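Okay, thanks for making time, everyone. I'd like to walk you through one model today, so let me put it up on the screen.

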Amino acid sequence: MDIADILIHVHPDLLAEQKAKVEAAVAACGGVVSVHFSPEHAHELMVAYDPEAINSTTILKQVRQSDAAATMVGL
């Protein structure tokens with residue numbers, strides 16, 4: 001299995017409970033291996049995933065359900 005990484009920028013004012021919901025929703029997607037917010041930069045969501053099972057656009061769409069302005073930065 002290959003692993004790809006993406007970095008998604010979310011609004012810095014998301015509350016801790018909103019961030020927890022984003023992490024849980026993304027983690028529940030099939031093919032996502034790891035998801036967490038950066039401890040140094042609270043607006044950066046790091047996601048590791050299997051590109052054969054899910055793509056970055058699908059992950060971004062899931063994040064945008066909580067933050068419509070979320071943007072994929074890449075890695």
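Let's start with a small one: which residue in E3 does Val32 stand opposite? Val32 stands opposite Tyr49 in E3.

Quick housekeeping before I go on. What you see is a predicted model, where local features need pLDDT of at least 70, side-chain atom pairs count only at pLDDT 80 or more, and totals for chains, interfaces and linings use all residues. Residues are numbered from 1 along each chain as its sequence is written, and side-chain values use heavy atoms, with hydrogens and water left out.

When I say helix or strand, I mean DSSP runs numbered from the N terminus, with at least four residues of H or I for a helix and at least two of E for a strand. Two strands pair if DSSP finds at least two bridges between them.

So, the sheet. It's an open one with four strands in the order E2-E3-E1-E4, and the pairing is antiparallel. The edges are E2, residues 32–37, and E4, residues 71–72, each of which pairs on one side only.

Going across from the E2 edge, E2 pairs with E3, residues 44–49, in the antiparallel sense over five bridges. These two form a hairpin with six residues between them. Val35 has Val47 as its bridge partner in E3.

On the next step, E3 and E1 are antiparallel too, with six bridges. Val47 comes up again here, as the bridge partner of Ile6, and Leu7 stands opposite Met46. Then E1 pairs with E4 over two bridges, again antiparallel, and there His9 stands opposite Thr71.

How many of the six residues of E3 are buried? Five of them, so E3 is largely enclosed by the rest of the structure. Buried, for me, is under 20% relative accessible area, with exposed over 50% and partly exposed in between, using a 1.4 Å probe and protein chains only.

Now the helices. H1, residues 16–27, lies across E2 and E3, and runs at about 170° to E2. H2, residues 56–64, lies across E1, E2, E3 and E4, at about 30° to E1. Those angles run from 0 to 180 degrees between N-to-C directions, and the axes are lines fitted to C-alpha atoms, for helices over the stretch in contact. Contact means heavy atoms within 4.5 Å.

And how do the two helices meet? H1 and H2 pack at about 145°, with their axes 9 Å apart. From H1 the contact uses Val22, Ala25 and Val26, and from H2 it uses Ile59, Gln62 and Val63. That set divides into five nonpolar, one polar and no charged.

Let me stay with H2 for a moment. Ser56, Ile59, Leu60 and Val63 are its buried residues. They cover an arc of only 100° around the axis, taking directions from the axis to the C-beta atoms, which puts them on the same side of H2. That fits the general rule: an α-helix has 3.6 residues a turn, so residues three or four places apart point the same way. What covers those buried residues includes E1, H1, E2, E3 and E4.

Last stop, Ser56 itself: buried or exposed? Ser56 counts as buried, because its relative accessibility is 18%. Leaving out residues up to four places away in sequence, Ser56 touches Ile6, Tyr49 and Met72. And Tyr49, remember, is the residue in E3 that Val32 stands opposite.

Conventions
Ala, Val, Leu, Ile, Met, Phe, Trp, Tyr, Cys and Pro count as nonpolar, Asp, Glu, Lys and Arg as charged, and the others, Gly among them, as polar.
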